[in-house]
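Let's take a walk through this fold, strand by strand and charge by charge. Keep the 3D view open while you read.

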Amino acid sequence: SGCLYAMIPDARPSSSTAPDTEGVDESLLPYYGQKLDWTECGTGFDCTMVTAPLDWSDPSVGEIELSVIRHRATDATRLGSLLTNPGGPGASGIGIIRDSLTFAVGEPAAKAYDVIGFDPRGVGESTAVRCYDAADMDAYLFDVPQNPRGSDAWTQELLAAHRAFAEACDANSDGILPYITTQNSARDLDLLRGVLGDTTLNYLGYSYGTFLGATYAELFPERVGRVVLDGAIDPTTTLLDVSTFQTVGFESALRAYVTDCLTTDDCPFRGSVDDAMADIGALLASVDARPLRASDGRDLGADTLLTAIIYAMYSPANWQYLSIALANALQGDPDVAFLLADTYYSRENGTYLDNSTEAFRAYNCMDYPLETDPEAEAAAEALVAAEAPTFAPYWEGPNPCDEWLYPPSGVREELTAPGAAPILVVGTTNDPATPYRWAEALAAQLESGILITRVGEGHTGFNKGNACVDDAVNAYLIDGVVPDADIRCE
């Protein structure tokens with residue numbers, strides 16, 4: 001990167017903390033004009049509830065509640081609010097700020113801003129999607145199908161399970177499912193900006209949170225303040241593309257894990273990287289044919305073992321636990337593999353700590369149009385077979401959204417946010433969950449997008465120990481310094 005920088009507008013708020021209602025439609029003034037009632041909710045935190053329309057296109061339909069947490073700026077020169085989203089869709093923005101403030105936003109931003117976490121509509125402590133109790137959720141997520149993988153009976157068995165889940169979500173979610181969309185959630189984001197008294201949105205979004213942030217920028221380009229989108233999603237991707245390129249990404253990450261594993265004394269594999277990948281493939285085939293019974297009575301099949309592997313690929317810090325899980329599974333003990341899969345599903349001691357799995361399904365089934373192109377499916381199948389041979393045998397299966405009770409309302413199209421202030425897009429070169437090509441695509445689509453590349457492993461790039469990335473993001477968030485060109489951080 002060169003040494004020329006542009007400055008973006010001062011992020012500091014006006015001295016007033018009155019709601020910002022400028023340009024708001026009269027029918028929405030009761031929402032944007034809300035006075036917030038903050039109460040202490042832990043050391044250094046306060047919480048409130050914000051009322052939003054259930055349907056932004058028709059506020060008369062009903063209302064929902066959004067749960068919000070705040071950590072006040074400690075610097076004297078407070079820069080206003082920094083809203084955050086940790087991804088998912090369905091992850092709790094309350095939880096990550098309450099439990100991991102500096103991990104979520106970094107120390108400089110935690111001092112300079114009122115850091116705002118919120119549970120999006122459908123999630124957690126906000127008006128939430130509800131589907132199954134813990135026992136039914138266990139059965140849905142972990143029961144090994146009765147029929148042979150790939151058979152017509154297996155497909156029908158899975159479709160029936162997806163249908164029962166969708167029906168339970170509809171029965172238990174009080175009519176909110178058609179409105180659990182990123183379009184509505186982006187409007188909620190602007191409502192939060194307004195009731196907090198900020199004239200522009202300062203925002204740090206991870207993974208799915210990049211799609212939420214980019215959708216906001218498309219809807220409200222003139223209200224974009226300092227926005228960082230890390231672990232980007234390409235807004236044009238179909239659900240088939242997401243599944244395809246994530247599978248290829250996780251195979252690539254698994255090879256990186258194996259390459260590292262083979263240099264350690266406690267690696268359960270020997271020989272070359274290809275040998276070890278073949279051994280993992282053989283283990284998956286083995287538990288697919290003969291599931292392993294865990295100490296709590298659950299059976300570990302290939303699908304749950306894959307979930308454990310996928311969870312471990314999100315961060316190299318988890319690789320040591322994957323080695324233990326695979327070593328134990330090779331000896332017939334699946335308990336550590338279940339521990340990894342349970343963490344992926346926010347399950348602990350037989351209970352689910354949040355509704356992230358239900359909300360994930362609700363958003364994706366409304367945001368992504370259903371697949372109807374057999375040629376695209378055949379091409380995806382061929383790509384996965386060639387690029388992800390370890391995962392390929394377990395990749396196919398019916399789309400759960402085919403059984404969702406409401407037709408999707410989302411479209412997949414480029415988001416350009418014309419006229420928006422500069423937006424930083426962060427991508428990691430071997431990110432398995434949000435492949436680097438998506439960050440490149442989003443930065444190119446956004447008129448004001450600037451790409452910061454972290455060369456490395458794991459999901460997302462900011463606050464992961466790369467000083468080059470962190471310095472660029474912090475200079476932008478704290479001082480409004482915009483890089484004059486894309487930055488590559490080795």
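## A strand in the middle of things

Leu-204, in β7, is the bridge partner of Thr-84. Before going further, note that this is a predicted model: local features need pLDDT of at least 70, side-chain atom pairs count only at pLDDT 80 or more, and totals for chains, interfaces and linings use all residues. Residues are numbered from 1 along each chain as its sequence is written, and side-chain values use heavy atoms, with hydrogens and water left out.

Thr-84's bridge to Leu-204 fits a wider pattern: strand β5 (residues 81-85) and β7 run parallel and pair over 3 bridges. (Strands are DSSP runs of E, at least two residues long, and helices are runs of H or I with at least four; both are numbered from the N terminus. Two strands pair if DSSP finds at least two bridges between them.) β7 also pairs in the parallel sense with strand β8 (residues 224-230), over 5 bridges. There, Gly-205 stands opposite Leu-229 in β8.

How many residues of β7 are buried? In this strand (residues 201-206), 6 of 6 are. Buried means under 20% relative accessible area, exposed means over 50%, and partly exposed is in between (1.4 Å probe, protein chains only). In a regular strand the side chains alternate between the two faces of the sheet. Here Leu-201, Tyr-203 and Gly-205 point one way, Asn-202, Leu-204 and Tyr-206 point the other way, and all are buried.

## The whole sheet

Zoom out, and you'll find an open sheet of 10 strands with mixed pairing, in the order β2-β3-β4-β6-β5-β7-β8-β13-β14-β16. Its edge strands, β2 (39-40) and β16 (487-489), each pair on one side only.

At the β16 edge, strand β14 (residues 449-457) runs parallel to β16, and 3 bridges join them. One pairing to look for is Ile-452 with its bridge partner Ile-487 in β16.

## Charges that hold hands

The structure has 20 salt bridges. To count, a side-chain nitrogen of Lys or Arg must lie within 4 Å of a carboxyl oxygen of Asp or Glu. One of them joins Arg-347 and Asp-138, at 2.8 Å from N to O. That pair links distant parts of the chain: Arg-347 sits in strand β11 (residues 347-348) and Asp-138 in helix α4 (residues 134-142), 209 residues apart. Arg-347 counts as buried because its relative accessibility is 10%, and Asp-138 is buried too, at 15%.

Arg-298 and Asp-342 also meet in a salt bridge (2.8 Å, N to O). Arg-298 is in the loop between β9 (292-293) and β10 (299-300), while Asp-342 is in helix α12 (residues 335-344), 44 residues apart. Both are buried. Finally, Asp-20, Asp-190, Arg-193, Glu-222 and Arg-223 are linked in a network of salt bridges.

## A negative patch

Which residues form a negative surface patch? They are Asp-373, Glu-375, Glu-377, Glu-381, Glu-396 and Asp-402. Patch residues have over 30% relative accessible area and no salt bridge; like charges are joined within 9 Å, and nonpolar side chains (Val, Leu, Ile, Met, Phe, Trp, Tyr) within 5 Å.

Asp-402 lies in the loop between α14 (374-387) and β13 (423-430). Asp-402 counts as partly exposed because its relative accessible area is 42%.

Key: Areas by Shrake-Rupley, 256 points an atom, 1.4 Å probe, with all protein chains shown as cover. Lys, Arg positive; Asp, Glu negative; His and termini not counted. Charge placed at Lys NZ, Arg CZ, Asp CG, Glu CD.
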